[in-house]
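Please load the model in the viewer and keep the selection panel at hand. The stops below are meant to be followed in order.

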Amino acid sequence: MNSFTALANSINHIFEAGIAITGLSLLIRALSFNLKDRVSRSFAFVLACIVIIFSGEAISGAVNDVQSIEFWLRFQWVGILFLPATIQHFSDALLATTGRPSRGRRRKFIFSSYALSTILVVMLALGIFLGEIVFENEVSPYPRATFWSIAFSIYYIGSAVFAAVNIWRAYKRTKLRASRRRITYLFVGAMFVLTGAFPYLQFGSVFARQFSLLFILLVVFGNLGLYLCLLLMAYAVAFFGAPWPDRIVRTRLLKWVMRGPLTVFLMLFLMTITNQVYAYLGSSDTIAIPIVAVITVLLAEHVITLVYPYIDRILLNSGDGDQFYLMQSLSERLITMGDLKQFLEAILAGICDQFQVSTGFVASVNDEGWEFVVHAGEIEAYEMGELDLSLATWQEWKSNSNIYYWGEYWLYPLHTQNDAEIIGMLGVLRKEDHQLEDGLEDALRVLGRRASMALEDRSMQRQVMGALEELGPKIELIQMLRASFRFDQSMVMQEFDEFNPPKEFSQWVKDALSHYWGGPKLTNSPLISLQVVQSEMPAYEGNLVNALRAVLKEAIEGIKPEGERKYNPEWLLYNILDMKFIEGRKVRDIAKRLAVSEADLYRKQRIAVESVASTIIDMETKAREV
């Protein structure tokens with residue numbers, strides 16, 4: 001074998017290993033994400049066959065002993081034998097997704113194909129299907145053809161025709177331009193996969209011996225095309241069953257491919273080049289190969305991290321402009337409660353340093369009165385109770401930004417930017433007989449305004465997040481409809497009023513119950529948007545809070561056992577709900593009355609809340625059916 005043929009053969013082995021690794025990576029992705037979709041499941045079977053075929057081909061070219069080569073060459077035939085059945089299955093799933101499910105004939109034919117593949121694999125294991133391995137070929141060893149393998153080749157071609165017809169019918173049934181384009185990708189990819197995986201050496205061994213370099217070059221370009229078509233198919237399949245917008249699907253797939261298959265492919269390529277260079281120099285590459293592998297992975301990941309935002313901007317921006325990047329950076333801009341506390345702690349530390357004291361606090365106003373946000377030093381509980389001043393005094397503070405002293409503290413009211421509403425209070429310990437100097441007063445005002453800004457921003461964010469929570473179910477419905485309409489336009493006329501509660505639904509119920517008699521967790525609860533709550537509103541003169549309270553009460557009564565109230569295990573869940581949320585008793589008193597430990601009480605309370613949530617879900621489902 002001359003040097004050019006050897007180099008081409010080495011490149012071919014790189015592509016074979018790359019296809020096997022890429023197929024395995026895409027298979028893992030398919031098994032991890034949208035496996036519930038029929039097209040994705042059937043594509044996973046195709047990927048499994050590709051992994052078996054090309055891993056067997058790559059390993060057989062890397063080992064030297066005859067027995068290993070024979071084993072891996074026969075092993076790859078397991079994937080070849082099942083590939084026609086999986087392609088048929090994939091094409092049928094695609095056609096069914098576009099609104100043309102099997103009436104029984106296609107399903108029976110595919111089942112028969114899987115059964116035939118299983119029989120042929122058994123024949124392969126028994127040594128009946130293939131002949132002996134031929135090693136005279138300069139290009140690569142191959143198993144000699146038999147009657148059975150020739151008959152299988154005819155069946156292989158027939159399966160390709162069957163799959164092509166199904167995918168073409170799916171294409172004709174699809175109306176959206178983007179969906180047609182993706183089905184075209186699947187058609188080209190499926191045909192190229194079948195073409196690239198066909199065992200040509202069984203029928204073209206004479207051509208391969210006479211024109212070995214040309215044959216290997218054709219195989220290299222064929223494997224390159226198969227590699228690209230495999231990525232193209234994975235891209236198109238990623239949209240099936242995915243409830244996310246197209247830009248999210250593209251982003252996630254691109255990240256997966258760049259950080260997985262492409263990085264490994266680059267590493268294999270550089271390792272092979274290193275091996276060839278050291279072989280040419282007559283040196284050992286034992287040390288160089290691991291170093292090249294590690295450096296390649298590190299540099300590839302680093303380059304991807306640096307370059308990906310620009311790729312994202314060029315390829316993945318769907319024309320939404322600034323909104324797209326605002327949504328991407330939203331999580332970095334939001335102020336969490338922890339962020340707010342860190343900022344206010346820094347402000348409070350600065351004030352205490354200015355006043356040379358160790359005690360201060362920042363309090364905020366909510367529907368229930370005052371609450372400490374952060375504090376320094378020891379502050380007695382009764383002091384906070386005394387701080388809950390009369391409404392008349394509040395009105396006086398709203399009209400100006402004066403500094404007051406209250407007990408042992410200097411107080412600076414925290415207002416909104418337009419001074420229309422008081423949102424909090426900044427307090428710092430006042431030394432005995434100590435008057436404010438100009439510098440201290442200015443420091444208190446400056447830092448106080450910064451604390452006001454933080455509290456106001458946090459309040460606005462809560463309103464925005466509350467609005468997003470209310471929009472959540474509608475957004476999920478829109479995304480589900482988008483996913484359904486991509487390939488099957490018959491879904492447009494179907495009703496999608498089924499209630500699908502989010503995973504946070506039980507927490508919403510618990511929050512609303514915790515403020516059953518009034519509080520922000522009840523007044524701002526996402527449960528208010530439920531149809532069952534809206535339908536109760538006329539009975540409570542348009543008061544949504546009272547309507548929600550009535551729905552919660554009805555749900556609690558729904559798990560109440562029949563008969564007179566008792567304090568036995570049968571009544572335990574109802575008693576916990578009634579005593580904790582309706583009567584407002586303390587946990588210790590409830591545990592003592594029900595003769596359970598506090599830890600067990602919390603466990604039972606969680607079960608009780610989930611029962612209430614389940615009851616409300618049933619009520620909402622019935623309300624939507626009316």
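Select alanine 595 first: in this predicted model, its relative accessibility is 69%, above the 50% limit, and therefore the residue counts as exposed. Alanine 595 belongs to the loop that joins α22 (587-594) to α23 (598-625). Its phi is near 60°, a positive value in a residue other than glycine. Most residues other than glycine have a negative phi.

Glutamine 356 is the next selection, with a positive phi near 55°. This residue lies in the loop between α13 and β3 (360-366). Is glutamine 356 buried or exposed? Its relative accessibility is 59%, so glutamine 356 counts as exposed.

From that loop, move to helix α13 (residues 337-355) and select leucine 340. Leucine 340 has a relative accessible area of 3% and is therefore buried. Now add alanine 454 to the selection: the two residues are 114 positions apart in sequence, yet their C-alpha atoms are 6.8 Å apart in space.

Zoom out to the whole chain. The chain holds 23 helices and seven strands, and 45% of its 626 residues are buried. Of the contacts with a separation of 6 or more, 64% join residues 24 or more positions apart. The exposed area of the chain is about 33,400 Å², and carbon and sulfur atoms supply 59% of it.

The interior comes next. In soluble globular proteins, nonpolar side chains tend to be buried together. The largest nonpolar core here has 65 residues, and within it Leu83, Phe129 and Phe152 touch the most other members. Several helices each supply at least two residues of this core, among them α1 (3-32), α3 (66-97) and α9 (246-281). Which helix gives the most to this core? The answer is α8, with ten residues.

Centre the view on phenylalanine 152. Leaving aside residues up to four places away in sequence, phenylalanine 152 touches Trp77, Ile80, Leu81, Pro84, Leu120 and Phe129. A second, separate core of 31 residues can be shown as well; Leu513, Ala613, Met619 and Ala623 are included in it.

Display the aromatic rings. Ring pairs join Trp77, Phe129, Phe152, Tyr155, Tyr156 and Phe198 into a cluster. The count of aromatic pairs comes to 19. One of these is formed by phenylalanine 71 and tryptophan 72, an edge-to-face pair with 5.1 Å between the centres and 80° between the planes. Phenylalanine 71 is partly exposed at 48% relative accessibility, and tryptophan 72 is partly exposed at 22%.

Compare the rings of phenylalanine 109 and phenylalanine 162: their centres are 4.8 Å apart and their planes are at 35°, so this pair is tilted. It links distant parts of the chain, with phenylalanine 109 in helix α4, phenylalanine 162 in helix α5, and these positions 53 residues apart. Phenylalanine 109 has 39% relative accessibility and therefore counts as partly exposed.

Two arginine residues should then be shown with their ring partners. The charged end of arginine 180 sits over the ring of tyrosine 171, 4.6 Å from the ring centre. Arginine 549 lies over the face of tyrosine 516, at 5.9 Å from the ring centre.

The last stop is serine 40, in helix α2 (residues 38-62). Why does serine 40 count as buried? Its relative accessibility is 1%, which is under the 20% limit, so the residue counts as buried. Beyond residues up to four places away in sequence, serine 40 touches Asn34, Val237 and Phe240.

Terms used:
Residues numbered from 1 in each chain as written. Predicted model: local features only at pLDDT ≥ 70, side-chain atom pairs only at ≥ 80, totals over all residues. Heavy atoms only, no water. Helix = DSSP H or I, 4+ residues; strand = E, 2+ residues; numbered from the N terminus. Buried < 20%, exposed > 50% of the residue type's maximum accessible area, 1.4 Å probe, protein only. Contact = heavy atoms within 4.5 Å. Core = buried A, V, L, I, M, F, W, Y, C linked by side-chain atoms within 4.5 Å. Areas by Shrake-Rupley, 256 points an atom, 1.4 Å probe, with all protein chains shown as cover. Phe/Tyr/Trp six-rings, centres within 6.5 Å; stacked < 30°, edge-to-face > 60°. Lys NZ or Arg CZ within 6 Å of the ring centre and 35° of its normal.
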